[in-house]
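Hi,

Here is the structure I promised to pass on. Have a look at it first, and then read on for what turned up.

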Amino acid sequence: MKKAFIGVYGCQMNISDAERMEGQLRTIGYERVAEMEGADLILLNTCCVRETAEDKVYGKIGEIKHLKRANPDLIFGITGCMAQKESDGLIKRAPHIDFVLGTNKVHELTHVVQEIERERGHIVDTQLGETELPDDVPVARGGKFSAWVPIMYGCNNFCTYCIVPYVRGRERSRLPEDVVQEVREAVAQGYKEVTLLGQNVNSYGKDHKQADFADLLKMVDEVPGIERVRFMTSHPKDLSDKVIAVIRDGEHICEHIHLPVQYGSNKLLKAMNRVYTVESYKDLVRRIRQEIPNASLTTDLIVGFPGETEEDFAEMLAFLKEIRYDSAYTFIYSKRSGTPAATMENQVDDKVKHQRLEQLMALQNEISLEINQGLQDKVLEVMVEGPSKNDADTWTGRTRTNKIVLFAHGDEQEGDFINVKITQPQTWVLKGERV
């Protein structure tokens, strides 16, 4: 077998795409390896949502130049969102790149690699059409018990800070029977948990109209042998009462909703083109908590968006205190060329951005700790994931609400479901003992 290194940057969709890339490469004699040194093929599946992600990729491209000099037969390709955005500009900047494949071209990987093997030269294919990934693409799943299952591709929302619609294209939903069949296959392979993926899962099915997201969730929940069903990411404008009811009534659908708000003031939400208001978002959260009282709620927050004032930021902190998320992914606004926000006036000073981020994180950490302390002495179902990174005798797992739990290892095995009594709740993890 030839050796292929696949480096993945960015979101869960990129991880899922990389699994499909690896599946294809296996059919033409490649096995995935953990190190670039000695590889016959290096593939970087890239992200361009934030500047830091692009910087990491450019740094890695520089490293690979030395490997290419040492081994001229090494094949080097760039895929993913950054490939879509930069196209042949990547090869002009770094001629040691052999091929650039856009986000719609994952299924073309084997043909491109074989052509490079035969002819060498450069290949660039970043045409962004309306077609979805074919459903016969082989998948080499990375996890042992948790599987990523994409249900749709692209995004129609055009938030002013976001480049995703420009590099992923418009929304295209997979057929419900194809999604359900992939879940069945994953279960047959021993996977106990699936996460349904989309840039905005709540708008699933608006194109083909054969099923909406609530319908699809119910179908997946009923697949024999499935233990847990998760999904991400939800756009607040499309999360319906029907979806909330399906989560409430489902047997295997986890009580965790990631609901990115991005900001806590109407002025900034309008500038971001988020469509909803603070008031409508709060009403949505009220309905979720009324119907699913034990649900955990997480979010994404951006500080330093153009035009953000101290008054706006104070509104954000007050909003956070009222909503009380279990946890939040917090980001400093990063300019993305080609997006409307990149040319907006009143860009926020970098030092101010960092100060506000620290304040935001400190407040959220307080809230997360208080919420977790409410789980003291509670007994929670945990799916065992295996040894923790730092201690082989301490194992880790996740609750249905997506909280990480650490416990002393006994006779449990990876993939088991056990009950753990929480004895030491912390900000980021819960520590407990098996009961």
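Where in the chain is the place of Cys 155? Cys 155 is in the loop between strand S8 (152-153) and helix H6 (164-168). Before going further, do keep in mind that this is a predicted model.

I started with that loop because of the annotation. UniProt, in an unreviewed entry, puts a "binding site" feature at Cys 155, Cys 159 and Cys 162. Cys 155, Cys 159 and Cys 162 are also included in the lining of the largest pocket. Cys 162 is likewise placed in the loop between S8 and H6. Buried or exposed? Cys 155 counts as buried because its relative accessible area is 9%, and buried means under 20%. Cys 162 is buried too, with a relative accessibility of 16%. If you leave out neighbours within four places in sequence, Cys 155 is in contact with Val 164, Pro 165, Gly 169, Arg 170, Glu 171 and Gln 199.

On to the other cysteines. How many disulfides are there? The count comes to 0. Take Cys 11: the closest cysteine sulfur is in Cys 81, and at 6.4 Å that is too far for a bond. Cys 47 is in no disulfide either, and the nearest cysteine sulfur, again that of Cys 81, is 6.0 Å away. As for accessibility, Cys 11 is partly exposed at 32%, whereas Cys 47 is buried at 8%.

Now the overall layout. The domain assignment splits the chain into domain 1 (2-125), domain 2 (146-374) and domain 3 (378-434). Between the C-alpha centres of domain 1 and domain 3 there are 36 Å. At the C-terminal end, UniProt lists residues 373-435 as "domain: TRAM", also from an unreviewed entry. That span, 373-435, is 56% strand and 2% helix, and its end C-alpha atoms lie 19 Å apart.

Next, the packing. In soluble globular proteins, nonpolar side chains tend to be buried together. Here the largest nonpolar core has 70 residues, and Leu 196 and Leu 217 are those with the most contacts inside it. Which helix gives the most to this core? Helix H12 (residues 310-323) does, with 6 residues. Sequence neighbours within four places aside, Leu 217 is in contact with Leu 196, Val 229, Phe 231, Val 243, Val 246, Ile 247 and Ile 253. Apart from the largest core lies another, of 25 residues, including Tyr 9, Ile 64, Ile 78 and Ile 163.

Ile 64 is worth clicking on. This residue lies in helix H2 (residues 51-70), and Ile 64 is buried, with a relative accessible area of 0%. Beyond its neighbours within four places in sequence, Ile 64 is in contact with Met 36, Ile 42, Leu 44, Leu 74, Phe 76 and His 96. Gln 114 is 50 residues from Ile 64 along the chain, and their C-alpha atoms are separated by 20 Å.

Then there is Arg 230, in strand S11 (residues 228-232). Is this arginine buried or exposed? Arg 230 counts as buried, at 8% relative accessibility. Its contacts, again without neighbours within four places in sequence, are Glu 193, Val 194, Thr 195, Leu 196, Cys 254, His 256, Arg 398, Thr 399, Arg 400 and Asn 402.

Last, some backbone geometry. Most residues other than glycine have a negative phi, and most peptide bonds are trans. So where should you look in this model?

- Met 232 and Thr 233 are joined by a cis peptide bond, with omega about 5°. Thr 233 is in the loop between S11 and helix H9 (241-249).
- Arg 120 has a positive phi, near 60°. Its place is in the loop between helix H5 (109-119) and strand S6 (123-125), and Arg 120 is partly exposed, with a relative accessible area of 31%.
- Asn 346 also has a positive phi near 60°. Asn 346 is found in the loop between strand S14 (327-332) and helix H13 (350-373), and is exposed, with a relative accessible area of 58%.

Over to you, and enjoy the browsing.

Cheers

Definitions and conventions. Residues numbered from 1 in each chain as written. Predicted model: local features only at pLDDT ≥ 70, side-chain atom pairs only at ≥ 80, totals over all residues. Heavy atoms only, no water. UniProt positions renumbered as here; feature names shortened; annotations may be inferred. 1 Å grid on protein atoms, 1.4 Å probe; cavity = no way out; pocket = protein on both sides within 12 Å on 5 of 7 lines; lining within 4 Å. Helix = DSSP H or I, 4+ residues; strand = E, 2+ residues; numbered from the N terminus. Buried < 20%, exposed > 50% of the residue type's maximum accessible area, 1.4 Å probe, protein only. Contact = heavy atoms within 4.5 Å. Domains from an automatic or database assignment. Disulfide = S-S within 2.5 Å. Core = buried A, V, L, I, M, F, W, Y, C linked by side-chain atoms within 4.5 Å.
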